[in-house]
Amino acid sequence: MYILDNFYKELQLFVRTHVELDIDIKMPMMKHHINGDIRFYSAKDLQNLVEKLVDDLSIVERCSWSSNYISIWLKKELWTSTVLKEILISGCKYGSNDEHQGTVVSVSSDECNDTVTCLRIALLKEAVQNLAKINGYVIGSNGLNLLVSKKNNPSNSSLVLCGNVVCNVTVKDYKQRKQDAISKMSANRIESNEYPIDIISKLCHASIVYELLSVRHCKVINTECDTSNKDSGIFIMYNYSRLCQVWRAYEKGVIENYYESLPDIGAVNFGLLTSKEEWILVLNHISVYPSVIQQSVKNLLSASVDVHRLCKFLMEMSSAVSLFYHRHHILSDPISSLLPLMHARLYLVKSSIQVYENVFQLLGIEAVCEM
C-alpha cells in the first residue's frame with residue numbers, strides 16, 4: 001500500500017473512532033502557492049482532535065482547525081524518504097495496484113480511416129488498455145467488452161465515446177504540420193538546421209498524444225482554434241530531459257571518479273530538502289501519482305475513463321520540476337559541504353524520472369532524454 005493511501009486510511013479510521021465521523025479528504029493542492037498541507041472539511045467543530053492527531057499519528061508534524069476544516073502538515077523527512085524508497089524499489093510498477101485483480105475486460109474500436117479523430121480513438125484505446133492492466137484488470141475476451149467509438153449510442157452501456165477532432169487535414173498532414181513546427185523549434189534551440197529525426201519523431205508523437213488525450217475523451221477537440229505557440233507535450237518532455245541530463249552528468253562524474261556513488265538511500269538526510277519547491281514536488285506530485293492512476297479508471301466498468309488526468313498530472317508535475325530546476329542547484333563540488341544536500345536532491349531527481357517514465361509508458365510515449 002502506498003504511503004498516501006495508507007495515511008488516508010489511518011486518518012479516516014482515527015476520525016471515525018474519535019468523533020464517529022466519515023471524512024472526505026482532499027488531495028494535496030496542486031497550486032504552487034499552497035503550503036503543502038492535506039485537509040479535510042467538517043461542519044462539526046473538530047478543534048479537540050488537533051492535539052490527538054499529532055500524538056496518535058506519527059507522520060503528522062502539526063495541524064490546525066480553521067472554521068470548517070483541519071489542515072495537516074506532515075513530517076517532511078520521514079514522508080520523503082518513505083515515498084522515494086517506494087518509487088525506487090517498485091520502479092516501473094510504482095502506481096500499479098490489484099484493486100480490480102481478475103476482472104476481465106477487452107477494449108476494441110470500430111473506426112479506422114485517415115482522420116485525426118480516428119488517430120485519437122487509437123491513442124485512447126491504447127491508454128485505456130494500459131491503465132486497465134496497471135489497475136489489475138485482465139485484458140481478455142471473456143469479460144466486459146468496451147468499445148471506443150465516435151458514434152454515440154446511448155443504448156450501449158459499454159461505449160467509451162470519443163469526441164471528434166475538428167481538423168481540416170488528413171492524419172499525414174496533421175503529423176507533418178506537427179513535425180515542421182517541432183523541427184523549427186528544435187533548430188532554433190540548437191542553432192542548426194540539423195536535428196536527429198528520431199528525436200523529432202518522438203517529440204512529435206508526445207505533442208500529439210498530449211493534444212488529443214489531455215481533453216476528456218467524450219469532448220470535442222478543435223485543433224484549428226489553437227493559436228498559441230506553446231506546446232504542452234514538448235514542455236513536459238523538456239522538463240523530463242532536464243532531470244535526465246542532471247542524472248547523466250552525475251553518472252558521468254562517477255565514471256570519471258569526480259563523484260562517489262550515491263550512498264544507500266537509508267543513509268541520506270532528506271531533512272535537508274527544506275525548500276517549498278522540493279516539498280511540493282514530493283507531496284503534490286510523486287506521492288499523488290498512485291491515486292491518479294486509481295482515479296483514472298475507477299468507473300471503467302461503466303465505460304468511463306479519465307485518461308486526461310494523466311496528461312494534467314504530467315503538466316502540473318512538469319511545472320513543479322521547472323521551478324525546482326530553476327531555483328536550486330543540484331550538482332555541487334565533490335568536496336563541498338553541500339554534498340549531503342546533493343545526494344538528497346539526486347534521489348529526488350531519480351525518483352521523478354521514474355514517475356515520468358511510468359506515465360509515458362501508460363500513454364504510449366517514447367521518452368526523449370536529451371533536448
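**Sheet, enclosed helix and core**

Visitor: In what order do the four strands of the open sheet run, and what is the sense of their pairing?
Guide: In this predicted model, four strands make up an open sheet whose pairing is parallel. Their order across the sheet is 6-5-7-8.

Visitor: Which strands stand at the edges of this sheet?
Guide: An edge strand has a single partner strand, so one side of it is left without a neighbour in the sheet. Strand 7 (residues 144-149) and strand 8 pair in the parallel sense over three bridges, and within that pairing Leu147 has Leu159 of strand 8 as its bridge partner. The strands at the edges are strand 6 (138-139) and strand 8 (159-161).

Visitor: What angle does the direction of helix 4 make with that of strand 5?
Guide: Helix 4 (residues 116-134) packs on the sheet, where it touches strand 5 (104-109), strand 6, strand 7 and strand 8. With the direction of strand 5, the direction of helix 4 makes about 170°.

Visitor: Is helix 8 largely enclosed or left open by the rest of the structure?
Guide: Among the buried residues of helix 8 are Glu277, Trp279, Asn284 and His285, and what covers the buried residues includes strand 2 (38-41), strand 4 (69-74), helix 3 (76-90) and helix 11. Because ten of the eleven residues of helix 8 (residues 276-286) are buried, this helix is largely enclosed.

Visitor: Which helix gives the most to the largest nonpolar core?
Guide: That core has 119 residues, of which Phe7, Leu11, Ile72, Trp79 and Leu363 touch the most other members. The helix that gives the most, with 14 residues, is helix 11 (residues 339-363).

Key. Residues numbered from 1 in each chain as written. Predicted model: local features only at pLDDT ≥ 70, side-chain atom pairs only at ≥ 80, totals over all residues. Heavy atoms only, no water. Core = buried A, V, L, I, M, F, W, Y, C linked by side-chain atoms within 4.5 Å. Buried < 20%, exposed > 50% of the residue type's maximum accessible area, 1.4 Å probe, protein only. Helix = DSSP H or I, 4+ residues; strand = E, 2+ residues; numbered from the N terminus. Contact = heavy atoms within 4.5 Å. Pairing = 2+ DSSP bridges. Axes fitted to C-alpha atoms, helices over the stretch in contact; angles between N-to-C directions.
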